[in-house]
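Grab a pencil and open the model in your viewer. Try each exercise before you read the worked solution.

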Amino acid sequence: MPRFGGIASMFRLPVQLSGEGLDIAVLGVPLDCGTSNRAGSRYGPRQIRAESVLVRPYGMATRAAPFDSFQVADTGDVALNTYNLEKSIAIIEKHFDGVLATGAKTLAMGGDHTITLPILRAQAKIHGPLAVVHVDAHADMNDHMFGEEVTHGTIFRRAIEEGLIDPQKMVQIGLRATGYAADDFDWARQRGVRVVPAEECWYQSLEPLMQEVREQIGADHPVYLSFDIDGLDPSVAPGTGTPEPAGLMTSQGLEIIRGVFGTNLVGADLVEVSPPYDTTGNTSLLAANLMFEMLCSFPGCQRRD
């Protein structure tokens, strides 16, 4: 079947509706009613799947072979309540409870960043407080937004308050641009989170940083990777709801994801791809490639000689 034909499942993988028999379940969470500005990320999973047909099964630089290493399938999308964010969050948590109960790890695509909170709630039931590697232009540590406690800009504050994350083992990379107060990034720092602003990443490889991150997290502690596409510069990823200038380069995004290999990665997500803002499909194609790299970073992924 040529790549432009057939069913556009993620990576042209088999499709099944549960995590039964899988090592890793790939699934979409097409939620965007938690976003604060430009909507459209509800279309992210569909477009990422469409562009993912261009991704091949082997990583030529890392020699990683995820599809030889794991049983992986596209398990479809979470069936959300389009009109109710609170109910959708409960639906997402329950859905991930079911997938994780099968023993499968999860690789999710959003959707806006709100989806990460119910995923972390489900993961923490199994693993306890998680280490987190968070790539983003924004800290997502607001207390409230328009009076709401749960939005795409408050999730990591809630997750720390709920004990889902060990803040001593959390790293935020790529934060930048403007904020509402001078201390916007300090709430997390005061609780032990390592904050790496984009300015500290300019013009350099992030491999040394990721070596430090691996040492900070350790080899055994359960790790969750959450990658907001707006962590990258809008010159390479314009299709997102809240773009910020002077972000990470694609190569640095790859270094971060590849740098997670060697940790006990138990789940990951790629969020905030909004296809209406990049009609070329290039942001979604980039997202698909980043998700492939995430598959390669799960423990046990073979490297071919």
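## Exercise 1: a network of charges

Arg 158 is buried, its relative accessible area being 5% (buried is under 20% relative accessible area, exposed over 50% and partly exposed in between, with a 1.4 Å probe and protein chains only). This is a predicted model, where local features need pLDDT of at least 70 and side-chain atom pairs count only at pLDDT 80 or more, while totals for chains, interfaces and linings use all residues. Residues are numbered from 1 along each chain as its sequence is written, and side-chain values use heavy atoms, leaving out hydrogens and water.

Task: find which residue forms a salt bridge with Arg 158, then work out which residues are linked in the network.

Solution.

1. Start with the rule: a salt bridge needs a side-chain nitrogen of Lys or Arg within 4 Å of a carboxyl oxygen of Asp or Glu. Side chains of opposite charge can pair when their charged atoms come close.
2. The partner is Asp 143, and the closest N and O atoms are 2.7 Å apart.
3. Now place the two: Asp 143 sits in the loop between β4 (130-135) and α5, and Arg 158 in helix α5, so the bridge ties together parts 15 residues apart in sequence. (Helices, H or I with at least four residues, and strands, E with at least two, are DSSP runs numbered from the N terminus.)
4. Asp 143 is partly exposed at 32% relative accessibility.
5. Next, look at Arg 157, which meets Glu 161 in a salt bridge at 3.8 Å, N to O. Both are in helix α5, four residues apart, or about one turn of the helix.
6. Arg 157 is buried at 15% relative accessible area, whereas Glu 161 is partly exposed at 46%.
7. Put it together: Asp 143, Arg 157, Arg 158 and Glu 161 are linked in a network of salt bridges.

## Exercise 2: a bridge across the chain

Task: say which parts of the chain the salt bridge between Glu 162 and Arg 121 links, and how many salt bridges the structure holds.

Solution.

1. Check the distance: the side chains of Glu 162 and Arg 121 come to 2.7 Å, N to O.
2. Glu 162 belongs to the loop between α5 (155-161) and β5 (165-175), and Arg 121 to helix α4 (residues 116-127); these are distant parts of the chain, 41 residues apart.
3. Glu 162 is partly exposed, at 39% relative accessibility.
4. As for the total, the structure holds 14 salt bridges.

## Exercise 3: the two faces of α3

Task: work out where the buried residues of α3 lie around the axis, and what covers them.

Solution.

1. Get the dimensions first. Helix α3 (residues 85-101) has 17 residues and reaches 24 Å from first C-alpha to last, close to the 24 Å expected at 1.5 Å a residue (the expected span is 1.5 Å times one less than the number of residues).
2. List what is buried: Leu 85, Ser 88, Ile 89, Ile 92, Glu 93, Phe 96, Val 99 and Leu 100.
3. These residues cover an arc of only 140 degrees around the axis, which puts them on the same side of α3. The arc is that of the directions from the helix axis to the C-beta atoms.
4. What covers them includes β1 (24-29), β3 (105-110) and α4, going by contacts (heavy atoms within 4.5 Å).
5. Flip the helix over: the face turned away from the buried side carries the exposed residues Glu 86, Lys 94 and Ala 101.
6. Finish with the ends. Asn 84 caps the N-terminal end, a side-chain oxygen lying 3.1 Å from the backbone nitrogen of Glu 86, and just after α3, Gly 103 takes a positive phi of about 95 degrees.

## Exercise 4: two serines in loops

Task: decide whether Ser 235 is buried or exposed, then do likewise for Ser 274.

Solution.

1. Ser 235 is in the loop between β7 (222-228) and α8 (250-259), and is exposed at 58% relative accessible area.
2. Ser 274 lies in the loop between β8 and α9, and is buried at 1% relative accessibility.
3. Leaving aside residues up to four places away in sequence, Ser 274 touches Ala 39, Gly 40, Ser 41, Gly 239, Thr 240 and Gly 241.

Technical notes: Polar contact = N/O pair within 3.5 Å; in protein donor to acceptor, adjacent residues only side chain to side chain.
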